[in-house]
Amino acid sequence: IFAILFIISLSLYLGIIIKLRIERQKSTAELDLARKNLSGHLAKIDNLMLTLSNIHEFSVRAAGMTSKEELAQFVINSACKLFNAGTGSVMLLNPLTNLLEIIASRNLSSEVVATTKLKIGEGIAGKVAESGKPIFVEDITTDPRFFRASNVRYNTKSFVCVPMETK
């Protein structure tokens, strides 16, 4: 009888140990998942903090600028940095000619800057100026709306154009 009780006790004890180990494994897996989720959330918070810091820095620096050309150059440099773009430009509507003209650029030749003038509705920038809505082009090599100066090289095939209003 003692041996039978011992075996029953031992098997109950082993059952409890096995159950506790299974629960521990589940808890460990749940804890690992929670850590992974927390790490992802912390990374998002870090990105948000960096973005907010950059926005703050941008607004502080932009507030001290006195000319639209200086501000436009700052905007295009900041946008290119933000989007990791090598080339970009800011165009404004010239009220005398009613044409969009480049007033600030990054990695465009002075010839391209001086000669690029678009009518409202012409090319992507002209369509954006006309509609007031941004346009994203996935592949500039196949999009017929994209005006390409023959001596300008682009690092990527994608392109974004957004409207700006000045006061």
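Arg-35 and Asp-32 sit together in helix H1, 3 residues apart, which is about one turn of the helix. Their side chains meet in a salt bridge, at 3.6 Å from N to O. Keep in mind that this is a predicted model. The count of salt bridges comes to 2, and the other partners are Lys-117 and Glu-101.

**Salt bridges**

- In the H1 pair, Arg-35 is exposed, with a relative accessible area of 51%.
- Its partner Asp-32 is partly exposed, at 42% relative accessible area.
- Lys-117 and Glu-101 bring their side chains together at 3.8 Å, again N to O. This pair links distant parts of the chain, with Lys-117 in strand E3 and Glu-101 in strand E2, 16 residues apart.
- How accessible are the two ends, Lys-117 and Glu-101? Lys-117 counts as partly exposed because its relative accessibility is 38%, while Glu-101 has 17% and so counts as buried, the cut-off being under 20%.

**Overall shape and make-up**

- The protein has 4 helices and 5 strands. Reading from the N terminus, the order is α-α-β-β-α-β-α-β-β.
- What would a compact globule of 167 residues have as its radius of gyration, and what does the protein have? The globule would come in near 15 Å, but the protein has 30 Å.
- Along the principal axes, the C-alpha trace covers about 110 × 40 × 25 Å.
- Buried residues make up 20% of the 167.
- The exposed area is about 13,000 Å², and carbon and sulfur atoms supply 61% of that.
- Take the contacts between residues at least 6 apart in sequence: 32% of them join residues at least 24 apart.

**Helix H1 and its nonpolar patch**

- H1 runs over residues 2–63, and Met-49 lies in it.
- Met-49 helps make a nonpolar surface patch of about 690 Å², along with Leu-38, Leu-42, Ile-45, Leu-48, Leu-52 and Ile-55.
- Why can Met-49 be called exposed? Its relative accessible area is 53%, and the cut-off for exposed is over 50%, so Met-49 passes.

**Helix H2 and the loop after it**

- H2 covers residues 68–83, and its 16 residues should span 22 Å at 1.5 Å a residue. The end C-alpha atoms are 22 Å apart, so the span agrees with the expected value.
- Which residues of H2 are buried? They are Ala-72, Phe-74, Ile-76 and Cys-80.
- Just after H2 comes Asn-84, with a positive phi of about 55 degrees. Asn-84 sits in the loop between H2 and E1.
- With 71% relative accessibility, Asn-84 counts as exposed.

**Positive phi elsewhere**

- Most residues other than glycine have a negative phi.
- Asn-107 has a positive phi near 60 degrees, in a residue other than glycine. It belongs to the loop between E2 and helix H3, residues 110–115.
- Asn-107 is exposed, with 59% relative accessibility.
- Gly-132, which follows H4, also shows a positive phi, near 75 degrees.

**Helix H4 and Val-137**

- H4 spans residues 123–131, where Gly-123, Ile-124, Ala-125, Gly-126 and Val-128 are buried.
- What covers the buried residues of H4? The cover includes strand E1 (88–94), strand E2 (99–106), strand E3 (117–119), strand E4 (135–137) and strand E5 (159–161).
- Val-137 has its place in strand E4. Val-137 is buried because its relative accessible area is 2%, under the 20% cut-off.
- Leaving aside neighbours within four places in sequence, Val-137 is in contact with Ile-124, Asp-143, Arg-145, Lys-157, Ser-158 and Phe-159.
- One of those contacts, Ile-124, is 13 residues from Val-137 along the chain, with their C-alpha atoms separated by 9.0 Å.

Conventions. Residues are numbered from 1 along each chain as its sequence is written. This is a predicted model: local features need pLDDT of at least 70, side-chain atom pairs count only at pLDDT 80 or more; totals for chains, interfaces and linings use all residues. Side-chain values use heavy atoms; hydrogens and water are left out. Patches are made of residues with over 30% relative accessible area and no salt bridge: like charges are joined within 9 Å, nonpolar side chains (Val, Leu, Ile, Met, Phe, Trp, Tyr) within 5 Å. Accessible areas come from the Shrake-Rupley method with a 1.4 Å probe; for residues, only the protein chains shown count as cover. A salt bridge is a side-chain nitrogen of Lys or Arg within 4 Å of a carboxyl oxygen of Asp or Glu. Helices (H or I, at least four residues) and strands (E, at least two) are DSSP runs, numbered from the N terminus. Buried means under 20% relative accessible area, exposed over 50%, partly exposed in between (1.4 Å probe, protein chains only). The expected span of a helix is 1.5 Å times one less than its number of residues. The radius of gyration is taken over C-alpha atoms; the globule rule is 2.2 Å times the number of residues to the power 0.38. Contact means heavy atoms within 4.5 Å.
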